[in-house]
Amino acid sequence: MHKLNSQYTERNWLKWAIIGLIVVLISCFIYLFFLYSGIQESRTINYQDSKEKVLSKTNVSQIETITEYNGEHQFHVISGTSKSGENKIVFIPLSKKNNELTVIEESEIITRQQIKDQWKQQCQNCELIDITPAMENNEPLWEVTYIDGSDRYIFDYLSIYDGARMQQYRLKSIFH
C-alpha cells in the first residue's frame with residue numbers, strides 16, 4: 001500500500017482553505033453591495049412622489065435639488081425654479097397628518113451665503129459642517145451645523161427671513 005506524502009496533503013488543505021476564504025470574502029462583498037443599494041433606494045424612494053406633488057401643486061417647473069430634513073417632523077426640501085425664473089424652496093411634510101406644502105420665494109429670504117458670512121463673523125475658530133433649510137414649529141429656518149472652538153457640535157437654527165437665532169443645540173463630545 002502506498003502512503004500519501006504528508007507534504008502533498010498539507011498543500012491540498014492549504015489550497016482549499018484559501019479558496020474557501022476567497023469565496024467567503026466575495027460573498028460578503030456582494031452582500032454588502034446589495035445591502036448598501038437597498039438602503040440607498042429606501043432612503044430616496046419617496047423623492048419621486050414629492051417631485052410630482054411640487055410640480056402639480058406649485059408653480060415650480062424645474063427641480064434642482066431635493067434633500068431631507070429630520071427634525072420634530074420629517075420634510076423633503078425641494079429647491080426649484082418657476083417658469084418666470086423665480087427661485088423657490090418648497091417644504092413637503094412627510095407625515096400623514098399635515099399635507100400642506102410651504103413655498104418660500106428665495107428673493108424674500110436671507111441667502112445661504114449671507115448666513116455663512118454672519119456665522120463667520122460670530123465664530124472665527126469654528127469649522128462649518130453645513131447650512132441647510134429646516135422647518136420647526138411651522139417656521140422655515142436655516143440649520144447651521146458646525147464645530148466650535150471648544151470642540152462642541154452645534155446645531156444653530158436661524159430665521160430664514162432675517163437670520164435671528166431661534167434655537168441652538170450644543171453637543172459636547174465625550175469620546176476623542
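## Close-up views of a predicted model

**Figure 1. Tyr 169 and its polar partner.** The side chains of Tyr 169 and Gln 167 form a polar contact at 3.3 Å. The model is predicted. Tyr 169 belongs to strand S8, which covers residues 165-172. Is Tyr 169 buried, partly exposed or exposed? Its relative accessible area is 43%, and Tyr 169 is therefore partly exposed, a class that lies between the 20% and 50% limits. Once neighbours within four places in sequence are set aside, Tyr 169 is in contact with Tyr 153, Ile 154, Phe 155 and Tyr 157. Of these contacts, Ile 154 is 15 residues from Tyr 169 in sequence, and the two C-alpha atoms are 5.7 Å apart in space.

**Figure 2. Phe 155 in strand S7.** Phe 155 is placed in strand S7, and this strand runs over residues 152-159. With a relative accessible area of 22%, Phe 155 is partly exposed; it does not count as buried because that class requires a value under 20%. Which residues does Phe 155 touch, not counting residues up to four places away in sequence? They are Glu 143, Val 144, Thr 145, Gln 167, Gln 168, Tyr 169 and Leu 171. Tyr 169, listed here, is the residue in strand S8 shown in Figure 1. A further distance can be drawn from Phe 155 to Ile 129: 26 residues separate the pair in sequence, and 9.9 Å separates their C-alpha atoms.

**Figure 3. Two loop residues with positive phi.** Asn 138 is not a glycine, yet its phi is positive, at about 60°. Asn 138 sits in the loop that joins strand S5 (127-136) to strand S6 (139-147). Asn 138 has a relative accessibility of 64% and so counts as exposed, a class that starts over 50%. Asp 151 also has a positive phi, about 65°, without being a glycine. Where is Asp 151? Asp 151 is in the loop between S6 and strand S7 (152-159). At 38% relative accessibility, Asp 151 counts as partly exposed.

**Figure 4. Lys 88, a buried lysine in strand S3.** Strand S3 (residues 87-93) contains Lys 88. Why does Lys 88 count as buried? Its relative accessibility is 3%, and the class takes values under 20%. Leaving out residues up to four places away in sequence, Lys 88 touches Asn 59, Val 60, Ile 78, Ser 79, Gly 80, Ser 82, Val 103, Ile 104, Glu 105 and Glu 106. Two glutamates, Glu 105 and Glu 106, are thus part of the surroundings of this lysine.

**Figure 5. Ser 79 in strand S2.** Ser 79 is a residue of strand S2, which spans residues 74-82. Ser 79 has a relative accessibility of 16% and counts as buried. Outside the four places on either side in sequence, Ser 79 touches Ile 63, Glu 64, Thr 65, Lys 88 and Ile 89. The contact with Lys 88 links this view to Figure 4, where Ser 79 appears among the residues touched by Lys 88.

**Figure 6. The whole protein chain, for orientation.** The protein chain has three helices and eight strands. In sequence order these elements read α-α-β-β-β-β-α-β-β-β-β. The radius of gyration is 26 Å, whereas a compact globule of 176 residues would have a value near 16 Å. Along the principal axes, the C-alpha atoms fill a box of roughly 95 × 45 × 30 Å. Of the 176 residues, 28% count as buried, among them Ser 79 and Lys 88. Considering contacts between residues at least 6 apart in sequence, 27% join residues at least 24 apart. The protein chain exposes about 12,600 Å², and 54% of this area comes from carbon and sulfur atoms. There are 18 positive and 22 negative charges, and their mean positions lie 10 Å apart.

Technical notes
Residues are numbered from 1 along each chain as its sequence is written. This is a predicted model: local features need pLDDT of at least 70, side-chain atom pairs count only at pLDDT 80 or more; totals for chains, interfaces and linings use all residues. Side-chain values use heavy atoms; hydrogens and water are left out. Helices (H or I, at least four residues) and strands (E, at least two) are DSSP runs, numbered from the N terminus. The radius of gyration is taken over C-alpha atoms; the globule rule is 2.2 Å times the number of residues to the power 0.38. Buried means under 20% relative accessible area, exposed over 50%, partly exposed in between (1.4 Å probe, protein chains only). Contact means heavy atoms within 4.5 Å. Accessible areas come from the Shrake-Rupley method with a 1.4 Å probe; for residues, only the protein chains shown count as cover. Lys and Arg count as positive and Asp and Glu as negative; His and the chain ends are not counted. The place of a charge is taken as NZ of Lys, CZ of Arg, CG of Asp or CD of Glu. A polar contact is a pair of N or O atoms within 3.5 Å; within protein, one must be able to donate a hydrogen and the other to accept it, and residues adjacent in sequence count only if both atoms are side-chain atoms.
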